[in-house]
Amino acid sequence: MPEFTLPGDAETVVKTAGTYARDLAERTLATAVVAAGGVAVAAGPGDMFSASFWETMAAAGIAAAATLLKGMLARAFGTKNSASLVKGV
């Protein structure tokens, strides 16, 4: 049976995974906050439509979930330590 080897040493792999996890968490949380703020402004003072607190949180959750999925795809197809689809970012 062939021996499995990681690309680089174990410390490098752990740092890469940690960097990616922090990046993805930051992007997901930022998307949720910005989406909730946007919906709250549009539904409140902007009076563009009516949204309850839970509708606002649901809209923010959907946006954050989409960001999470995009970040996971970026890990598979982009740079391993970044949640960006653009290589080198």
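**Ring contacts and buried positions of helix α1**

In this predicted model, the charged end of R75 is placed over the ring of Y20, at 4.6 Å from the centre of that ring.

A search for aromatic pairs across the whole structure returned one such pair. The pair is formed by F53 and W54, whose rings are arranged edge-to-face, with 4.9 Å from centre to centre and 80° between the planes. Both values are reported because a pair of aromatic rings is described by the distance of the centres and the angle of the planes. With a relative accessibility of 52%, F53 is classed as exposed, and W54, for which the relative accessibility is 65%, is likewise classed as exposed, since the cut-off for this class is over 50%.

Two residues of helix α1 were examined in further detail. D23 belongs to this helix and, because its relative accessibility of 17% falls under the 20% limit, D23 is counted as buried. The side chain of D23 is joined to that of R27 by a polar contact of 2.8 Å, and, when residues up to four places away in sequence are left out of account, D23 touches S82, A83 and S84.

T28 is likewise located in helix α1, which spans residues 10-43. The relative accessible area of T28 is 17%, and T28 is therefore buried, given that the class comprises residues under 20%. With residues up to four places away in sequence again excluded, the contacts of T28 are with A64, T67 and L68.

Technical notes:
Residues numbered from 1 in each chain as written. Predicted model: local features only at pLDDT ≥ 70, side-chain atom pairs only at ≥ 80, totals over all residues. Heavy atoms only, no water. Helix = DSSP H or I, 4+ residues; strand = E, 2+ residues; numbered from the N terminus. Buried < 20%, exposed > 50% of the residue type's maximum accessible area, 1.4 Å probe, protein only. Contact = heavy atoms within 4.5 Å. Phe/Tyr/Trp six-rings, centres within 6.5 Å; stacked < 30°, edge-to-face > 60°. Lys NZ or Arg CZ within 6 Å of the ring centre and 35° of its normal. Polar contact = N/O pair within 3.5 Å; in protein donor to acceptor, adjacent residues only side chain to side chain.
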